[in-house]
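Subject: Structure for you to look at

Hello,

Here is the structure I said I would pass on. Please open it next to this message and follow along.

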Number of protein chains: 2
Amino acid sequence: MILDEIMSANREFVGEAKLPVIGHHPRKHLAIVTCMDTRLVEMLEPALGIKRGEAVEIKNAGNTVAEGQDDVIRSLVGAVYLLGVSEIAVIGHTNCGMANVDTAGLAAKMRSAGVADAAIAELDLARWIGSFASEEENVIKTVERIKSSPYLPAAIPVHGLLLDIRTGELTVLVNGYSKD
Amino acid sequence: MILDEIMSANREFVGEAKLPVIGHHPRKHLAIVTCMDTRLVEMLEPALGIKRGEAVEIKNAGNTVAEGQDDVIRSLVGAVYLLGVSEIAVIGHTNCGMANVDTAGLAAKMRSAGVADAAIAELDLARWIGSFASEEENVIKTVERIKSSPYLPAAIPVHGLLLDIRTGELTVLVNGYSKD
């Protein structure tokens, strides 16, 4: 049972941990928008040199701002106006599970799991799931959607980077400081 | 410049890191839904005993499934049907920045940053931002919204936990294995 494993690990952690008391305003005034991928767990932060207390982290499937789904923008509004964030980094990665999703296969799996045909039909699944053809283009698109949000300050730098999931190497795709 | 700091830290990381090649199906078949809070960075995983490769992580402002904002459900659909996730844990924390948000103050800050009055008026800001009165109730509500999604398997266990942000101690609010 995973819940028991977690609670047992937690008792050990609480017995040993010495957590400094810090505030919730990130010290680097940075918000990271990245992917839920398990390979980024305990890897993204050392690969970026980011420590506890320095940045907020928003994570979803494919580091996308999917059409009609405001949640990343909502979180960034909170980060900027409530937590003093003044810079945003979108970090995609190679070999992303949201690239080229087989939508028909996904629909078949949902049906097998008992999801009603009518519920699936209601979604425009290919669009809704937020799949993309290229990890690079997806990062650039996410940067553009954040930049074009009417709810965020126009001047906030939004960077776009791609992380090589095998080596951890970052490539800058969009430098948010440049004016063009 | 943060971007330079990140790229410099990354060069060091790539030079030193020995990353095992692992797949993107989380080994514990677990999806975690938690908050973007910077105090959870490099703290949540040791507090839960979760390692790289074991769980996917979805993070937003306040670990909420905000009304009309499907993004967490979308990510969970990807996690379940594309990555083999069979269990979900919603982890809220004490002292959350999304509790009792001063909506009028938020609107004033948005206006000061140049956001158009019309854009703010379009949002029902108090609802849209996803603020809540109690961290505990918010975890329970998020569990309920996930459980009631028509797109996820009805039988998937969804746990709800609250993490004490000062000590790291977890409390189980919803045990997803129990049938009532």
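Strand 1 and strand 2 of chain B run parallel and are joined by six bridges. In that pairing, Thr34(B) stands opposite Lys59(B) of strand 2. Keep in mind throughout that this is a predicted model.

Strand 2 of chain B is largely enclosed by the rest of the structure, because six of its six residues are buried. In a regular strand the side chains alternate between the two faces of the sheet. Here both faces are covered: Ala55(B), Glu57(B) and Lys59(B) are buried on one side, and Val56(B), Ile58(B) and Asn60(B) are buried on the other.

Lys59(B) is worth a second look. Which residue does the side chain of Lys59(B) meet in a salt bridge? The partner is Glu57(A), with 2.9 Å from N to O. This pair crosses between chains, from strand 2 (residues 55-60) of chain A to strand 2 of chain B. Are the two partners buried or exposed? Glu57(A) has a relative accessible area of 1%, under the 20% cut-off, so Glu57(A) counts as buried. Lys59(B) also has a relative accessible area of 1% and is buried. As background, side chains of opposite charge can pair when their charged atoms come close.

That pair belongs to the contact between the two chains. The count of salt bridges between chain B and chain A is four, while a search of the whole structure finds 14 over all chains. Between chain B and chain A there are also 41 residue pairs in polar contact, both residues at pLDDT 80 or more. On the side of chain B that touches chain A, several elements give two or more residues, among them helix 1 (2-16), strand 2 (55-60) and helix 4 (103-112) of chain B. The largest share, eleven residues, comes from helix 3 of chain B. Sorted by class, that side has 50 nonpolar, 19 polar and 19 charged residues.

How many residues take part in the contact? On chain B there are 88, and they are in contact with 89 residues of chain A. The two chains bury about 7800 Å² between them, and 65% of that is on carbon and sulfur atoms.

Two other salt bridges can be found within single chains. In chain B, the side chains of Arg39(B) and Asp37(B) meet at 2.7 Å, N to O. Arg39(B) is buried, with a relative accessible area of 4%, and Asp37(B) counts as buried at 4% relative accessibility. In chain A, the side chains of Arg111(A) and Asp117(A) meet at 2.6 Å, N to O. Arg111(A) is partly exposed, with a relative accessible area of 43%.

Now to chain A as a whole. Chain A has seven helices and five strands, and along the sequence they follow the pattern α-β-α-β-α-β-α-α-α-α-β-β. The C-alpha trace of chain A spans about 50 × 50 × 35 Å along its principal axes. Of the 180 residues of chain A, 56% count as buried. Among contacts in chain A between residues at least 6 apart in sequence, 73% join residues at least 24 apart.

Two residues of chain A can serve as examples. Leu30(A) lies in strand 1 (residues 30-35) of chain A and counts as buried at 0% relative accessibility. Leaving out residues up to four places away in sequence, Leu30(A) touches residues of both chains, including Val56(A), Ile88(A), Ile2(B) and Ile6(B). The C-alpha atoms of Leu30(A) and Glu57(A) are 8.8 Å apart, although 27 residues separate them along the chain.

Thr171(A) lies in strand 5 (residues 170-174) of chain A and is partly exposed at 43% relative accessibility. With the same sequence neighbours left out, Thr171(A) touches Gly160(A), Leu161(A) and Leu162(A). Thr171(A) and Gly15(A) are 156 residues apart in sequence and 40 Å apart from C-alpha to C-alpha.

Last, some backbone angles in chain B. Most residues other than glycine have a negative phi. Glu42(B), not a glycine, has a positive phi of about 60 degrees. Glu42(B) sits in the loop between strand 1 (30-35) and helix 2 of chain B and is partly exposed, with a relative accessible area of 35%. Asn100(B) also has a positive phi, near 50 degrees. Asn100(B) lies in the loop between strand 3 (87-93) and helix 4 of chain B, and Asn100(B) is exposed, with a relative accessible area of 56%.

Regards

Methods:
Residues numbered from 1 in each chain as written. Chains lettered and ligands numbered in written order. Predicted model: local features only at pLDDT ≥ 70, side-chain atom pairs only at ≥ 80, totals over all residues. Heavy atoms only, no water. Contact = heavy atoms within 4.5 Å. Buried area = accessible area lost by both parts, 1.4 Å probe. Polar contact = N/O pair within 3.5 Å; in protein donor to acceptor, adjacent residues only side chain to side chain. Helix = DSSP H or I, 4+ residues; strand = E, 2+ residues; numbered from the N terminus. Nonpolar A, V, L, I, M, F, W, Y, C, P; charged D, E, K, R; others polar. Buried < 20%, exposed > 50% of the residue type's maximum accessible area, 1.4 Å probe, protein only. Pairing = 2+ DSSP bridges.
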